[in-house]
Amino acid sequence: MPALNKLLSQKLEKPEVEIIEGITSIKPYVLEMLKCKEIFIYGASVDGDEVYGTFTANFAKKRVHHKVKVRAVIGKRIPEHMIEEDVAVFTEIRTFTALERHPAAYFIYGDDLLILTVKDPLIAIHIKNSAVIESQKKLFEMMWSLAE
């Protein structure tokens, strides 16, 4: 009985899931990543630049200013802003053919996951849940080990 009472008294983590629509609503979520020390990214690459325009290059500059590191597994076509000298210092990239023209980008940072589409309609899914983050980090590390 004491073990059951202890189990019942534990506070379970309540997952947070949000769906965000439109580029204007998505941008603040992306900027929240600047509060973390490292971001893991997999998925879309240059397609994100085509859809989000200069926002991606500007975000990279802000990331450098905040000294936020990125490890990214993306398709073979690498966005120009990711290989600029100042950005490259804080960026490790590996390529994975299976992610070429991938319709979404996955950003794992802190206790959060942000999934962005790079095709219309532009939406993002923001998830805050430790089990999902742990799973996504393992998936990222597996892709990292397979990527070139």
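Helices here are DSSP runs of H or I with at least four residues, strands are DSSP runs of E with at least two, and both are numbered from the N terminus. With that in hand, grab the model, which is a predicted one, and work through these.

**Exercise 1. Place K67 in the chain, then decide whether it is buried or exposed.**

Step 1: look between helix α4 and strand β3 (69-74); K67 sits in the loop there.

Step 2: check the backbone. Phi of K67 is near 60 degrees, a positive value in a residue that isn't glycine. For background, most residues other than glycine have a negative phi.

Step 3: apply the cut-off. Exposed means over 50% relative accessible area. K67 has 58%, so it counts as exposed.

**Exercise 2. Do the same for R101: which loop holds it, and how accessible is it?**

Step 1: R101 is in the loop between β4 and β5.

Step 2: its phi is also positive, near 60 degrees, and R101 is again a residue other than glycine.

Step 3: between 20% and 50% relative accessible area, a residue is partly exposed. R101 comes out at 45%, so it is partly exposed.

**Exercise 3. Find the residues joined by a cis peptide bond, and say where the proline is.**

Step 1: scan omega. Between D120 and P121, omega is about -5 degrees, and the bond is cis. As a rule, most peptide bonds are trans.

Step 2: locate the proline. P121 belongs to the loop between β6 and β7.

Step 3: look at the strands on either side of that loop. β6 (residues 112-117) and β7 (residues 123-128) run antiparallel and are joined by five bridges. One place to see this pairing is D112, whose bridge partner in β7 is K128.

**Exercise 4. Work out the strand order of the sheet and name its edges.**

Step 1: count what you have to work with. The chain has six helices and seven strands, in the sequence pattern α-β-α-β-α-α-β-α-β-β-β-β-α.

Step 2: trace the pairings. The seven strands of the open sheet are ordered β1-β7-β6-β5-β2-β3-β4, and the pairing is mixed.

Step 3: read off the ends. β1 (16-21) and β4 (91-95) are the edge strands, each pairing on one side only. Across this sheet, neighbouring strands are turned by 15 degrees against each other on average, direction ignored.

Step 4: zoom in on β2 (residues 38-43) to see the mixture. β2 pairs with β3 in the parallel sense over six bridges, with I39 standing opposite V70 in β3. With β5, however, β2 runs antiparallel, joined by five bridges; here Y42 has Y106 as its bridge partner.

Step 5: check the cover. Five of the six residues of β2 are buried, which leaves the strand mostly covered.

**Exercise 5. Describe how helices α2 and α4 pack: what are the angle, the axis distance and the handedness?**

Step 1: fit the axes. For α2 and α4 (residues 54-65), the angle is about 25 degrees and the axes are 11 Å apart.

Step 2: classify the angle. Anything under 35 degrees counts as roughly parallel. The two helices α2 and α4 are therefore roughly parallel to each other.

Step 3: get the hand. The crossing of α2 and α4 is right-handed.

Step 4: list the contact. α2 brings K27, V30 and L31, while α4 brings F55, F59 and K62. By type, that contact has four nonpolar residues, two charged ones and no polar ones.

Step 5: turn to the sheet. α2 (residues 23-32) also lies across β1, β5 (104-109), β6 and β7, and runs at about 135 degrees to β1.

**Exercise 6. Find out whether M143 is buried or exposed, and which residues it touches.**

Step 1: M143 is found in helix α6 (residues 130-146).

Step 2: buried means under 20% relative accessible area. M143 has 8%, so it is buried.

Step 3: leave out residues up to four places away in sequence, and M143 touches Y42, V73, F96 and L99. You've already met Y42 as the partner of Y106 in β5.

Step 4: put this beside the whole chain. Buried residues make up 42% of its 148 residues. Of the contacts with a separation of 6 or more, 66% are between residues 24 or more positions apart.

Note on methods: Residues numbered from 1 in each chain as written. Predicted model: local features only at pLDDT ≥ 70, side-chain atom pairs only at ≥ 80, totals over all residues. Heavy atoms only, no water. Pairing = 2+ DSSP bridges. Axes fitted to C-alpha atoms, helices over the stretch in contact; angles between N-to-C directions. Contact = heavy atoms within 4.5 Å. Parallel < 35°, antiparallel > 145°, perpendicular 65-115°, else oblique. Left-handed = near helix turned anticlockwise from the far one by under 90°. Nonpolar A, V, L, I, M, F, W, Y, C, P; charged D, E, K, R; others polar. Buried < 20%, exposed > 50% of the residue type's maximum accessible area, 1.4 Å probe, protein only.
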